[in-house]
Amino acid sequence: MRDNAVYNRADNEVMVRTNGDEILIICNTESQMDKVVQKMTTDTCKLAGYEEWDDSDTKYILTFIVCDIEGASIEMELN
């Protein structure tokens with residue numbers, strides 16, 4: 001994926017945007033959001049943020065963080 005790019009076309013089911021080491025994905029339904037999280041979560045890509053966007057219909061904004069340093073992995077810190 002290119003840095004700081006928007007991947008959006010009329011036939012896309014979700015909107016995808018990159019911003020450095022972040023990937024932002026806007027989903028239309030909770031089931032779509034669950035599929036995206038399942039497919040995107042790897043050792044080098046983790047869900048870092050979630051936001052419900054209430055407009056005329058609810059959208060879900062997911063933020064993933066990517067670590068592309070060889071041999072490194074992302075570990076979540078729980079509060």
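The structure holds one salt bridge. The model is predicted, and the protein chain averages a pLDDT of 82, with 73% of the residues scoring at least 70. Its secondary structure comes to one helix and five strands.

**Salt bridge**

- The partners are Lys 59 and Asp 57, whose closest N and O atoms are 3.8 Å apart.
- That distance counts as a salt bridge because the cut-off is a Lys or Arg side-chain nitrogen within 4 Å of a carboxyl oxygen of Asp or Glu.
- Side chains of opposite charge can pair when their charged atoms come close.
- Asp 57 has a relative accessible area of 42%, so this residue is partly exposed.

**Fold and confidence**

- Read from the N terminus, the elements of the protein chain follow the order β-β-β-α-β-β.
- Confidence peaks in helix H1 (residues 30-40), where the mean is 94.
- Strand S1 (residues 6-7) has the lowest confidence, at a mean of 67.
- Where pLDDT is low, the predicted coordinates should not be read in detail.
- The protein chain has 79 residues, of which 27% count as buried.

**Negative surface patch**

- Glu 30, Asp 34, Glu 52, Asp 54 and Asp 55 form a negative patch on the surface.
- Two or more residues of the negative patch come from each of H1 and strand S4 (45-54).
- Glu 52, one of the patch residues, lies in strand S4.
- With a relative accessible area of 42%, Glu 52 is partly exposed.
- Glu 52 can belong to a patch on this count because patch residues need over 30% relative accessible area.

**Strand S3 and the loop after it**

- Ile 26 is found in strand S3 (residues 22-27).
- Ile 26 has a relative accessible area of 19% and is therefore buried, the cut-off for buried being under 20%.
- Ile 26 and Glu 51 are 25 residues apart along the chain, and their C-alpha atoms are separated by 9.5 Å.
- Thr 29 sits in the loop between S3 and H1.
- At 37% relative accessibility, Thr 29 counts as partly exposed.
- The C-alpha atom of Thr 29 is separated by 6.8 Å from that of Lys 59, a residue 30 positions away along the chain.
- Lys 59 is also the residue that forms the salt bridge with Asp 57.

**Loop between H1 and S4**

- Thr 42 has its place in the loop between H1 and S4.
- The relative accessible area of Thr 42 is 34%, so this residue is partly exposed.
- Thr 42 and Val 66 are 24 residues apart in sequence, while the C-alpha to C-alpha distance between them is 9.3 Å.

Methods. Residues are numbered from 1 along each chain as its sequence is written. This is a predicted model: local features need pLDDT of at least 70, side-chain atom pairs count only at pLDDT 80 or more; totals for chains, interfaces and linings use all residues. Side-chain values use heavy atoms; hydrogens and water are left out. pLDDT is the predictor's confidence in each residue, from 0 to 100. Helices (H or I, at least four residues) and strands (E, at least two) are DSSP runs, numbered from the N terminus. Patches are made of residues with over 30% relative accessible area and no salt bridge: like charges are joined within 9 Å, nonpolar side chains (Val, Leu, Ile, Met, Phe, Trp, Tyr) within 5 Å. Accessible areas come from the Shrake-Rupley method with a 1.4 Å probe; for residues, only the protein chains shown count as cover. Lys and Arg count as positive and Asp and Glu as negative; His and the chain ends are not counted. The place of a charge is taken as NZ of Lys, CZ of Arg, CG of Asp or CD of Glu. Buried means under 20% relative accessible area, exposed over 50%, partly exposed in between (1.4 Å probe, protein chains only).
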